[in-house]
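Student: Please take a close look at a single part of this model, namely how one pair of helices packs. I should also like to see that part set against the chain as a whole.

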Amino acid sequence: MRADLVPDDLWERVAPLLPPAPERRRRHPGRLRVPDRAALTGVMYVLPTGVAWRDVPAETVGCSGVTAWRRLRDWTEAGVWPRLHAALLTELRRADLLDLEHCAVDGSHVRALKGGSPSAPRHRARPGSKHHLIVDRHGTPLAVTLTGGNRHDVTQLLPLLDAVPPIRGLRGRPRRKPRHLYADRGYDFDKYRRLLWKRGIKPMIARRGVVHGSGLGKVRWVVERAFAWLHQFKRLRIRYERRADLHQGLLELACSLMCLRRLRTAR
């Protein structure tokens, strides 16, 4: 098993969140269950390399790709990845590494080779999906959502804000919303500006039809960089999973790894 794929600091955070293993049958118990860490190693092998599950080298990883996929399915249905992401965001806030005063949002289209739901035709009838991302001032992902490729970015603005977990780590109430929200011209709709104001969020959205040079890009660029980091995980560049929840789970796992990376570099 390749220990470098699942380092100790990652495993220490994931292990308490995993559901307990089912009890082994006394009669006809069958083969021994693959350890959870080996199964997570299989998932961590597929996420950055983008290989098919059937091509996972069992002799190197420690489990077959089918086993890793099944364990990913079970952990996704158990809600492991959102809790892992929320726990890491709490650690970042406790370490004063989150800037929730200024956040940025954007969307990115990805191809969906196997279709699935949610997906919709876009760009010459090619099926695709969209990743919607909100990050803090440093580019740390706060929430990510998945929709069909024909969804307009602005329609997912409020669901994306609702997807931000309550971030603890300091005394007082958990934080769930930024004070200033930066976005490009695709979000320039007065209706959504009013809705943001009602939530106590100041919209910093570029105006359509206005020449460039507003200065908002000095803050908003971090979300573009975060997408570049996110899509370094090759399994996320193209949506291969038919099931939307599994692709969403991989997205949340990748966001957790980005948060963990920031914790490591700050030490």
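Tutor: Accessible areas are obtained by the Shrake-Rupley method with a 1.4 Å probe, and for residues only the protein chains shown count as cover. On that basis the protein chain exposes about 13900 Å², of which carbon and sulfur atoms supply 51%. The model is predicted, so that local features need pLDDT of at least 70 and side-chain atom pairs count only at pLDDT 80 or more, while totals for chains, interfaces and linings use all residues. Residues are numbered from 1 along each chain as its sequence is written, and side-chain values use heavy atoms, with hydrogens and water left out.

The protein chain contains ten helices and seven strands (DSSP runs numbered from the N terminus, helices being H or I with at least four residues and strands E with at least two). Of its 267 residues, 50% count as buried (under 20% relative accessible area, with exposed over 50% and partly exposed in between, for a 1.4 Å probe and protein chains only). Among contacts (heavy atoms within 4.5 Å) between residues at least 6 apart in sequence, 66% join residues at least 24 apart.

The pair for close inspection is H5, residues 80-94, and H10, residues 244-266, whose axes lie 9 Å apart at an angle of about 20° (axes are lines fitted to C-alpha atoms over the stretch in contact, and angles run from 0 to 180 degrees between N-to-C directions). H5 is therefore roughly parallel to H10 (under 35 degrees; over 145 is roughly antiparallel, 65 to 115 roughly perpendicular and the rest oblique). The crossing of H5 over H10 is left-handed (the near helix is turned anticlockwise from the far one by less than a right angle; clockwise is right-handed). H5 contributes residues including Trp 81, Leu 84, Leu 88 and Leu 92 to the contact, and H10 contributes, among them, Gly 249, Leu 253, Cys 259 and Leu 263. By class, this contact of H5 with H10 comprises eleven nonpolar, three polar and three charged residues (Ala, Val, Leu, Ile, Met, Phe, Trp, Tyr, Cys and Pro are nonpolar, Asp, Glu, Lys and Arg charged, and the others, Gly among them, polar).

A second pair may be set beside it. H2 (residues 36-49) and H4 (residues 65-77) pack at about 100°, with axes 8 Å apart; H2 is therefore roughly perpendicular to H4. Asp 36, Ala 39, Leu 40, Gly 42 and Val 43 of H2 meet Ala 68, Arg 71, Leu 72 and Trp 75 of H4, giving six nonpolar, one polar and two charged residues.
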